[in-house]
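Reader: I am new to this structure and should like to be guided through it by questions. May I ask for reasoned replies?

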Amino acid sequence: MIRDRDPRTLRTLGRRTLISASVTALSLTASGCVVVHGEREILPSTTRAEAAKALQEFTTAYNDADKAYDASLDAEHTTGALADIDSARLKAGQRNNPGGNPNHSPLKLTDAKFTIPKKAGWPRWFVVDAAGNKGGTARWLLVFTRSSLDDPFQVAYLTLVAPGKVPEFKRDADGWAESVPVNSTSVATKPGDLSQTYTTYLKSGGAAFADGAHTSQWRALREKNTKRPGLVTQYIDEPLTNGDYGPLALRTTDGGALVFFTTRHYEKQTAYAGTTFPTPNKDVLALTKGEIKQSLTLEFVSNEVALDPKGQGKVTILGRIQGMTSAEGS
């Protein structure tokens, strides 16, 4: 399930990127039953036991889908950015290997640490920080979310973070974490603005983000790609903030926030007149509509996790997983 987090050349691109009861409480009074509404009461998003069950169910479903290259097998366990990335990967895999994944290796997540915020309103969500048998020593961060009591928990965000980089979260006496509102002004950039701020930065630069692999280095790589012999490359970046793509943030012990957010990216490559467009990888072709004559436009969905400091300062992107979701030739 590991996908490239930095765009590369067209041939490499396709190969590497394709990659409760606690919510509504019931109390009795002398006059009868009184419902305490989950949308108004500040309550834990779920129980620890239910969170552990959701992780187990997701892992099982993901492995079943990966083995069969069948997106329907884990569709009820993914949403948002991860659903877009995962379903496209499985779709390409199915088209190229109708009999299933010949290289399937089950994902195993261990040493799972659960961070469950105590909050009012929907969505209810929690974060899992686990070790995986893929991705080297990186920690797997999964964000489970649901929008009503009748919905199952689904994974909306999946990112990989270097060991030692996951921050400590603020917790109350019972161990429940604190969510940060998307319009909070206690941090350097409002969590609800991070998607737009990031896409603006990718286009124009600026001082909002600390230098790193997913900021200054990615901008430099994209600038280099625009100058490749025989190809003209153009980039368009868009924020994704609504519904299941909405940002989610946890308060850290230093007063900052760990923020998960989503972006969409387009990369259009056009061959010079009189030259032949390079043949894309078979996984790219599996998701491509139209005939590739002189140009190919690739669409990606990316989910990021960032440290948003208290007060003033620069946001640090800790991890980013990006997957190609479609392409169109012309």
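Reader: In which sense do β4 and strand β6 pair, and over how many bridges?

Author: The model discussed here is predicted. Strand β6 covers residues 124-132, and its pairing with β4 is antiparallel. Within this pairing, T110 has A131 of β6 as its bridge partner, and K113 stands opposite D129 in β6. The sense is thus antiparallel, and the number of bridges is 5.

Reader: Which strand does β6 join through 8 bridges?

Author: These 8 bridges belong to a pair of strands that run antiparallel. One position in β6 shows the partner: R124 stands opposite R146, a residue of β7. The strand joined to β6 is β7.

Reader: In the hairpin of β6 and β7, which residue takes a positive phi?

Author: The hairpin has 6 residues between its strands. The positive phi is near 90 degrees, and the residue that takes it is G135.

Reader: What is the order of the strands in the open sheet that 4 strands form?

Author: Strands of a sheet pair through backbone hydrogen bonds, and the pairing may be parallel or antiparallel. In this open sheet the pairing is antiparallel. Its edge strands, each pairing on one side only, are β4 (109-115) and β8 (154-161). Neighbouring strands are turned by 25 degrees against each other on average, direction ignored, and the order is β4-β6-β7-β8.

Reader: Which helix lies across β4, β6, β7 and β8, and at about what angle does it run to β4?

Author: The helix spans residues 48-68 and lies across these strands, with β7 covering 139-146. This helix is α2, and it runs to β4 at about 140 degrees.

Reader: Is β6 largely enclosed or largely open, judging by how many of its residues are buried?

Author: A residue counts as buried when its relative accessible area is under 20%. F126, whose place is in strand β6, meets this condition because its relative accessibility is 0%. In the strand as a whole, 8 of the 9 residues are buried, so β6 is largely enclosed by the rest of the structure.

Reader: What is the separation in space of F126 and S179, C-alpha to C-alpha?

Author: F126 has contacts beyond its neighbours within four places in sequence, including A51, A54, F114, L142, F144 and F153. S179 lies 53 residues from F126 in sequence. From C-alpha to C-alpha, F126 and S179 are apart in space by 9.6 Å.

Reader: Is N63 buried or exposed?

Author: N63 is found in helix α2. Its contacts, leaving aside neighbours within four places in sequence, are with H104, P106 and L107. The relative accessibility of N63 is 12%, so N63 counts as buried.

Reader: Is H77 buried or exposed?

Author: H77 lies in the loop between α2 and α3 (80-96). Neighbours within four places in sequence aside, H77 is in contact with E57, F58, A61, Q154 and V155. Its relative accessible area is 18%, and H77 is therefore buried.

Reader: What volume does the second largest pocket have?

Author: Rolling a probe the size of a water molecule over the atoms shows where empty space is left. The second largest pocket has a volume of about 280 Å³.

Reader: Which residues lie closest to the centre of the second largest pocket?

Author: The lining of this pocket divides into 13 nonpolar, 5 polar and 2 charged residues. The elements that give two or more residues to the lining are β8 and β10 (248-251). Of the 20 residues in the lining, the closest to the centre are W122, P123, W125, P247 and L248.

Reader: Which strand runs antiparallel to β14 and is joined to β14 by 12 bridges?

Author: Strand β14 comprises residues 316-329, of which 11 of the 14 are buried, so this strand is largely enclosed by the rest of the structure. Strand β12 (residues 288-289) runs parallel to β14 and is joined to it by 2 bridges, with K289 opposite E328. In another pairing, N303 stands opposite I321 in β14. The strand with 12 bridges, covering residues 295-308, is β13.

Reader: What distance separates the C-alpha atoms of Q294 and A273?

Author: Q294 lies in the loop between β12 and β13 and is partly exposed, with a relative accessible area of 32%. Residues up to four places away in sequence aside, Q294 touches A273 as well as Y272, F277 and S330, among others. Q294 and A273 are 21 residues apart along the chain, and their C-alpha atoms are separated by 7.8 Å.

Conventions. Residues are numbered from 1 along each chain as its sequence is written. This is a predicted model: local features need pLDDT of at least 70, side-chain atom pairs count only at pLDDT 80 or more; totals for chains, interfaces and linings use all residues. Side-chain values use heavy atoms; hydrogens and water are left out. Two strands pair if DSSP finds at least two bridges between them. Axes are lines fitted to C-alpha atoms, for helices over the stretch in contact, and angles run from 0 to 180 degrees between N-to-C directions. Contact means heavy atoms within 4.5 Å. Buried means under 20% relative accessible area, exposed over 50%, partly exposed in between (1.4 Å probe, protein chains only). On a 1 Å grid over the protein atoms alone, a cavity is a set of points where a 1.4 Å probe fits but cannot get out, and a pocket is an open set with protein on both sides within 12 Å along at least five of seven lines; lining residues have an atom within 4 Å of a point. Grid points are joined across faces, edges and corners, and a volume is the space filled by probe spheres set on the points. Ala, Val, Leu, Ile, Met, Phe, Trp, Tyr, Cys and Pro count as nonpolar, Asp, Glu, Lys and Arg as charged, and the others, Gly among them, as polar.
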